Amino acid sequence: MFRLPLLAFGFSLSASTLFARSDSPLPAPAIVTNEVSVSVKEQKLMLLQNGAKVSTYPVSTSKYGTGDGFGRMTTPVGAMKVAQKIVDHAPVGAVFHNRRFTGEILRPNAPGRDPIITSITWLRGLQAENEHPFARPIYIHETPEEKKIGRPASYGCIRMKSKDVTALYSQLPVGALVQVVPGNLPKVPKAHIIYKIQAPDAPVEIGRPAPGAEEPVAGQKSAAAPSRVPGTDSWR
């Protein structure tokens, strides 16, 4: 005479347990790896997480083509990594000179202006054919000349719109792989679940390391490396 209520109670307990499990968040994988692929041909940057596409943004690489020589103002290709990130708690549109916030803030497409703005993601080459990006230096950075984004327009760096770098900056930690390819972006599946990475901002660098030197430590001076002609991306 007690079987039916007991069965009903058992089903109710099992169902509530099942639904509670289905509402629980999925556990994050043991390792979440964010990296970037940049296509010179397509003038696009793709953010990947564990090999799957998270988002794609328009960019501008060098108007002088590709390469890694000093003074050529070309964009290096191949495997690089994020060596340092510089934001200095600056607002969107903040003008940087010698990797320091000047206090000036520009609106997008400010007439007659082309400085580095908002933040700097500084790259280091990982291959013999791109050993100079850190010393030249080469950045992923914002530009007020947003109307030129989508076609080659830089002096070697990888330029993006401010809103796009704001979205990308915290998702690309120091040490993340940055792969620049002359051809198309890789064909990869779209990420169905995206795990947010809050990468801490690196301290502002002091001094400029010599070619091949390690990143400077706060408070420690380092030897100067060759720089570009004033007025180019990397001189500022």
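**Close-up views of the predicted model**

**View 1. Strand 2 and strand 3 pair in the antiparallel sense, over six bridges.** Two strands count as paired if DSSP finds at least two bridges between them. Helices (H or I, at least four residues) and strands (E, at least two) are DSSP runs, numbered from the N terminus. Strand 2 covers residues 44–49, and strand 3 covers 52–58. Leu47 has Ser55 in strand 3 as its bridge partner. The two strands make a hairpin with two residues between them. One residue of the turn, Asn50, has a positive phi of about 50°, although Asn50 is not a glycine. Asn50 has 42% relative accessibility and counts as partly exposed. Buried means under 20% relative accessible area, exposed means over 50%, and partly exposed lies in between (1.4 Å probe, protein chains only).

This is a predicted model, in which residues are numbered from 1 along each chain as its sequence is written. Local features need pLDDT of at least 70, side-chain atom pairs count only at pLDDT 80 or more, totals for chains, interfaces and linings use all residues, and side-chain values use heavy atoms, with hydrogens and water left out.

**View 2. The whole protein has two helices and ten strands.** From the N terminus on, the elements run α-β-β-β-β-β-β-β-β-β-α-β. The protein has 236 residues, and 45% of them count as buried. A contact means heavy atoms within 4.5 Å. Among contacts between residues at least 6 apart in sequence, 66% join residues at least 24 apart.

**View 3. Lys190 is in contact with Ala52 and Lys53, leaving aside its neighbours within four places in sequence.** Lys190 lies in the segment after strand 10 (177–181). The C-alpha atoms of Lys190 and Ala52 are separated by 5.3 Å, while the two residues are 138 residues apart along the chain. With a relative accessible area of 60%, Lys190 is exposed.

**View 4. Strand 8 (residues 139–142) has side chains pointing two ways.** Tyr139 and His141 point one way, Ile140 and Glu142 point the other way, and all are buried. Strand 8 pairs with strand 9 (residues 158–160) in the parallel sense, over three bridges. Ile140 stands opposite Ile158 of strand 9.

**View 5. Three aromatic pairs turn up in a search of the whole structure.** Tyr64 and Tyr155 form a tilted pair, with 6.3 Å centre to centre and 40° between the planes. Tyr64 is in the loop between strand 3 and strand 4 (78–86) and Tyr155 is in the loop between strand 8 and strand 9, so the pair ties together parts that are 91 residues apart in sequence. Tyr64 is partly exposed at 42% relative accessibility, whereas Tyr155 is buried, at a relative accessible area of 17%. Rings of Phe, Tyr and Trp (its six-membered ring) pair if their centres lie within 6.5 Å; planes under 30 degrees apart count as stacked, over 60 as edge-to-face and the rest as tilted.

**View 6. Trp122 and Phe134 form a stacked aromatic pair, with 4.1 Å centre to centre and 15° between the planes.** Trp122 belongs to strand 7 (residues 116–125) and Phe134 to the loop between strand 7 and strand 8, twelve residues apart. Both Trp122 and Phe134 are buried. Together with Tyr139, these two residues form one aromatic cluster. The charged end of Arg124 sits over the ring of Phe134, 4.2 Å from its centre. A charge sits over a ring if NZ of Lys or CZ of Arg is within 6 Å of the ring centre and within 35 degrees of the ring normal. Elsewhere, Lys85 has its charged end over the ring of Tyr169, 4.0 Å from the ring centre.

**View 7. Arg136 and Pro137 are joined by a cis peptide bond, with omega about 0°.** Pro137 is in the loop between strand 7 and strand 8.

**View 8. Met73, a residue other than glycine, has a positive phi near 60°.** Met73 is in the loop between strand 3 and strand 4. The relative accessible area of Met73 is 16%, so Met73 is buried.
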